[in-house]
Structure formats: structure tokens, C-alpha cells
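Reader: I would like a close look at one part of this model, with its surroundings described in turn. Please keep the account plain.

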Amino acid sequence: MDHFYPFPSVSGDRKVRAKDVADLFSTFFASGVSPAPASSLQVIADQGMTIRVQPGACCINGYVGRNDAVKTYTLGIANGLLSRIDRVVLQCDQSGRKIAVCIKAGQPAATPIAPALQRDALIYELALADILVGKGVSAIQQSVITDRRPDTELCGWMGLIKNTDTSGLFAQWGAAFQTWFEGIQGIMNENIASNIAQTLWEHEERLNGFAAGSMALYTHQRVGTQHRFIGNGALGRALITAAFQAGDTFAVNGATCTAFAGGKAVNDLPLGHWVSFTWDGANLDMIAGMPTLRIVVSSTQPPADPNTLWVKP
């Protein structure tokens, strides 16, 4: 073996470096924010241009950080003519030998974008939140803060396994279940299909580091041009009962909101598919890495779709 530890050191021949410990942690723990409590390192609007970061812990490439108390930070003054997006990040600094919360100010623009994350040998960053700083504003509202902790590309949840791209796994599960269904066709019904969907979502919760059963079931309906989600919980899933059309809006429990997917406004909701999302009371954020899933009970096989599970009755 190229590396082996911990063994007793004789004249310094078995010293363990800090990097050795970090490499060990990174073998078992995925980089991200601790999923418990749910408010771990969450970014909350305070007064004026001030924000709060809740207590919590993180792991970045094997290096561990923790805040025991609420920390406050102040954003820069808003531009009078253009908006910008500031990004709140966890920054693992090798030269500074620390993990810190930093505010990366965006550039004012007609269509602002969040600053890119730095990820190299010296600095590695995880995004906690993106904050839309509107032109001329003097106070930050919770509605302009987009939680990026669940996004596996930008942050993700700290867990015992690496964050996994589950889209390929869903395709594999669909193919395996398809073969099994063909052997017992004639005894399946929609209730059993629903149970299978529930089982797949439980697998998805575990793979993304969520506590079992933490993803609440929401209902969805399209009333006029508004997609309405009804339910309770910061993590949710829903069966889409009507497809998205250009110009549609969103609401959760009667509160009008903006819906995001991968940092961009939602422009597609496939009819008959399941979607998963986070809801912080202001923003509906479709979870990256958790693909839509459709369960079809039909004697005729639907068009090929890696996220469709066909149940032959």
C-alpha cells in the first residue's frame, strides 16, 4: 500500500499529516452541509443589508468546519441602476488553513448572474445561497434569497457516501423493474405502482443524504395559469397533474412564488411526472440530481423515456 496509518511512529517514520486525516474523512464523507438540523448553515435575511448564517457543520474534501452560534454578515451597497446576485459560500482555504463563510459580490447587470465558485488546489468553495440585490434596495428580504444547500452541483448534503448522480440509477432501476413486471403481468394495478414509486423515492432520499421520510407529499393542480402546490414541509415531492405552459406562475399554499431549477426559472413540468423540491417559505427550488419520475400503467408501452417506469396490467 502507498499509504497506511495510524501505526506507532518510531523516530518519526509513521507521522500522520493533516492531509492524511482529510483524505481519510473524504473517503467516507461527501462534501456538503450537515443535513441535521434542517437549518444547518441556512442563510436568513436580517435587518437592512445584513444576513444571518445559522449554526451548523460542513465537510469539504475531508476538512470539517462548524459554527456553534449565529453569524451575521453585511452585503455591499446596492447599485442604483442595475441588480446583482451575491453568492454566500463556504470557502476551504488551504493556505489560510481554515474554512470560512464568505460573501462573493456579483457584478451589476441587466441580467445578473451569480459569481462562479472557485475550486482549485488552494481554494474550494460550496454555495450556501444566492441573493438577488435589486437596484437601489436598502434591505434584503427573505424572498430574494435562494437556498443552494440542496444543489449537489453547488453544495449538497454531507453524508456517508459520495453525492451520486441518480439519473443513471433511475434508468437502471426502471429497466430492472420492467423485466420483473413482464414476468408477473396481469396482477399489477395502480395502487401497487404507487407503492413502487414510494419505494423509489425512499431510495432517492437516502442517496441524497436526506432523512428517511423527510420528503413530504404535496398535491399539485393548475388553476388558470397558476401551478398550485399544497402541502407541508421544507422538502417535498408532487405528481404533476398539468404540464407547464409559457407564462405560467407558481404558488405554494396560496403564496405566490418563483420556481427555480438548477438556478434558472422553471420552464418545464412534464405531465404525469413526479418532481422533488425544497420550499423555504419564499422560493420553490427543484432539486438538482433528482430527476422526474413517471409511472405508467398501460397495456401499450409508452415512448422510450429513461425516467418512465412502464407497468403492464
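Is Asn253 buried, partly exposed or exposed, and what is its relative accessibility? Please start there and then go on to the strands, the aromatic rings and the largest pocket.

Author: The model is a predicted one. Asn253 counts as partly exposed, because its relative accessibility is 39% and the partly exposed class runs between 20% and 50%. Its place is in the loop between strand S14 (249–252) and strand S15 (255–261). The phi angle of Asn253 is near 50 degrees, which is a positive value in a residue that is not glycine.

Arg97 also has a positive phi without being glycine; the value there is near 55 degrees. Arg97 sits in the loop between S7 and strand S8 (98–104). With a relative accessible area of 77%, Arg97 is exposed. A further backbone feature is the cis peptide bond between Ala36 and Pro37, where omega is about 0 degrees. Pro37 belongs to the loop between strand S1 (32–33) and strand S2 (43–45).

The loop that holds Arg97 leads to a sheet. S7 and S8 are paired in the antiparallel sense, over 7 bridges. Asp93 stands opposite Lys98, a residue of S8. These strands belong to an open sheet of 4 strands, ordered S8-S7-S9-S10, with antiparallel pairing. At the edges are S8 and strand S10 (145–147), each of which pairs on one side only. On average, neighbouring strands in this sheet are turned by 25 degrees against each other, with direction ignored.

Next, the aromatic rings. The whole structure contains 3 aromatic pairs. One of them joins Tyr218 and Phe277 edge-to-face, with 5.0 Å centre to centre and 80 degrees between the planes. Tyr218 is in strand S11 (residues 216–223) and Phe277 is in strand S17 (residues 273–279), so this pair ties together parts that lie 59 residues apart in sequence. Tyr218 and Phe277 are both buried. Phe244 and Phe250 form a stacked pair, at 5.9 Å centre to centre with 10 degrees between the planes. Phe244 is buried because its relative accessible area is 16%, and the limit for that class is under 20%. Phe250 is buried as well, at 5%. Ring pairs also link Tyr218, Phe229 and Phe277 into a cluster.

The largest pocket brings some of these strands up again. The space in the largest pocket is about 540 Å³. Its lining is made up of 23 residues, and those closest to the centre are Ile85, Asp130, Arg148, Phe260 and Gly263. At least two lining residues come from each of strand S7 (84–93), strand S9 (123–133) and strand S15 (255–261). By class, the lining consists of 12 nonpolar, 7 polar and 4 charged residues.

To return to the starting point, the loop of Asn253 lies between S14 and S15, and S15 is one of the strands that supply residues to the lining of the largest pocket. S7, which borders the loop of Arg97, is another strand that supplies lining residues.

Technical notes. Residues are numbered from 1 along each chain as its sequence is written. This is a predicted model: local features need pLDDT of at least 70, side-chain atom pairs count only at pLDDT 80 or more; totals for chains, interfaces and linings use all residues. Side-chain values use heavy atoms; hydrogens and water are left out. On a 1 Å grid over the protein atoms alone, a cavity is a set of points where a 1.4 Å probe fits but cannot get out, and a pocket is an open set with protein on both sides within 12 Å along at least five of seven lines; lining residues have an atom within 4 Å of a point. Grid points are joined across faces, edges and corners, and a volume is the space filled by probe spheres set on the points. Ala, Val, Leu, Ile, Met, Phe, Trp, Tyr, Cys and Pro count as nonpolar, Asp, Glu, Lys and Arg as charged, and the others, Gly among them, as polar. Buried means under 20% relative accessible area, exposed over 50%, partly exposed in between (1.4 Å probe, protein chains only). Rings of Phe, Tyr and Trp (its six-membered ring) pair if their centres lie within 6.5 Å; planes under 30 degrees apart count as stacked, over 60 as edge-to-face and the rest as tilted. Two strands pair if DSSP finds at least two bridges between them. Axes are lines fitted to C-alpha atoms, for helices over the stretch in contact, and angles run from 0 to 180 degrees between N-to-C directions.
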